[in-house]
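Me: I have a few questions about how the labels on this model were earned. Please set each value against its cut-off.

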Amino acid sequence: MARRLEPARRLRGRVRAPGDKSISHRMAMLAAIADGETLIESYSASADCLATLECLRRLGVAAQATAEGLLIQGVGRSGLRPSSGALDAANSGTTIRLLAGILAGQPFETVITGDASLRRRPMRRVIEPLRRMGATISAAEDDLAPLVIRGGRLRGITHESALASAQVKSCLLLAGLFAAGETVVIEPIPTRDHTERLLSAFGVPVVVSGATRRVSGDYRLQSPGRLRAPGDFSAAAFLLAAGLMVEDAAVCLEGVGLNPTRAGLLTALRDAGASLDIRNERLEGGEPIGDLFVSSTTARPQRQIRLEGPLTANAIDEIPVLSVLGAYFGGLHVTDASELRVKESDRLALIARNLRAMGVELEARADGLTIPGRQRFRGATIETAGDHRIAMAFAIGALVAEGPTFIDDPACVGVSFPGFFTVLEQLQRSGSAEEKLLAQS
Ligand code: S3P
C-alpha cells in the first residue's frame, strides 16, 4: 500500500545511522572464509545483508544473532560446502557479485540468482574476468543471473577494468584469495576501498598504488575477533538532506562512516556552498567515522552541485537524493553516471520521471542530468519500481512539497534502511528534550 507523506516544518533529534550495508556484506563474507569466529557489532539489518547471510548459511557457515552482535563461525579457506539448492541474492548486487568471486574459488558447482531486478542487471563484468582466472560460469544470455559457477584452483590475472566498480574490484580480490600467484585489478578511478581495508584486518595485505590493487593467494584469513560496522553514510545522506531542506532543523547523525572513497556527497555539497559540521572524527576498525550536524544555521548548497568523474563514482548511490536537493537549492549537473541506468532500477529515468511528476524541470541525458535550481515541489505519486534509494530520496522531497506525496512501494526501503520512515517521523515529532541535547553537543 502507498505511504502518504506530508510536508514537514521541523526536524529535530539525534540518530544513530544503521550499520553500513556495503561494509556488512564484506565483513560477513570474510568472516565466513576466515579461521576463527568473528563477532560483528552493528551488522546491517537490511534485506540485502540478510540475503548475504542466508547465502553463507547455505554454504555451511554458522551465523547467529547474539546480544552483542552477529557471531560468525569461520570455516577457513577450504571449508565452504556445496549448497543443496540455488543461492538467492534477492535484490543485492553486492551479494551476487562479491560471492561470485568466492564461489569461483570453490571446487564445486553453485547456482546463484536473485529477484527480478537483480536478474536484469549486468553480470558479464564479473563473469569474463572470473573465466580468465579459470572458473567455469554460465549465465542467461551470457550476462544475467542465474549464474552457474563451477570453481576450483584459480590463476591470478591482471584485470584492467573500463568500469569504476567496487563490486567488480572486490569480486576479483576475493577470487584472488583462491588463485595461484598475484591478482591485479586496475580501475579507471579508485572506488570505495572497504574490501581492501577489511582484508588487511583479516591479515591479508593488499598492495595499493593509485588505482591498482594487488592481492596474493598465499594467505589464510585470520579472524580479528571483533568488528563493528560504522553507520551507513548512504543511509545518513537522506537524513542529512532532510536536515538541509527543512528550514527549522537540528539533526545529529552519530557514528557515520566518512570513508573518502564513499563520501563524495560531502565534497559536492561543500563545493556548492554548504557548510557541513562534522565532529568527533575518529577511526573505528580501520574506517574513519564522525558525527554529522545540520541545523538552521548551516549554510545551504546555494550554488549548482556538480558531479563528474571521480566525484560521480564516490557519490554514486547518493545521486537520487542529490538530485532532489539540487532542484530545491542551487541546481545539479551530473555526468559520467551511466552506471545509474543499471542499478536496482534505471535510476536516471526514475529520478527524471518522479521529479517531473513533482513539477520540477530538468534535462536527462544518457549519462547524467542537469536540473535548474530553486524549483518548488508539488506532492505527487512516486513510482519507485521497488528501488529503495528512489523511495527514500523522494520521501525527502515530500518534506518540502506543496500537498501530500505518495510513495507507491514504501516497503522497499527495507533493502537498505528498514527503520527509515520511523526515524523520519521521530525527527518530526521530537520535542524540547532533544533540542537541549543538541544544544549541548
Ligand atoms: C557497492 C558498490 C557500488 C554501489 C553499490 C554498493 C559495493 O556498486 O553502487 O550500492 O558494496 O561494493 P558498483 O560497484 O556496481 O558501482
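Reply: First, a definition: helices (H or I, at least four residues) and strands (E, at least two) are DSSP runs, numbered from the N terminus. This is a predicted model, where local features need pLDDT of at least 70, side-chain atom pairs count only at pLDDT 80 or more, and totals for chains, interfaces and linings use all residues. Residues are numbered from 1 along each chain as its sequence is written, and side-chain values use heavy atoms, with hydrogens and water left out.

Me: Where is D142, and what is its phi?

Reply: D142 lies in the loop between β8 (136–140) and β9. Its phi is positive, about 60 degrees, although D142 is not a glycine.

Me: What makes the bond between A145 and P146 cis?

Reply: Omega there is about 0 degrees. P146 belongs to strand β9 (residues 144–150).

Me: How do you know that S22 makes a polar contact with the ligand?

Reply: A polar contact is a pair of N or O atoms within 3.5 Å; within protein, one must be able to donate a hydrogen and the other to accept it, and residues adjacent in sequence count only if both atoms are side-chain atoms. A polar side-chain atom of S22 is 2.5 Å from a ligand oxygen atom, so the pair qualifies. For R26, a polar side-chain atom lies 2.6 Å from an oxygen atom of the ligand. With Q167 a polar backbone atom takes part, 2.8 Å from a ligand oxygen atom.

Me: What makes 5 residues of the shell around the ligand charged?

Reply: Asp, Glu, Lys and Arg count as charged; Ala, Val, Leu, Ile, Met, Phe, Trp, Tyr, Cys and Pro as nonpolar; the others, Gly among them, as polar. The shell also holds 3 nonpolar and 4 polar residues.
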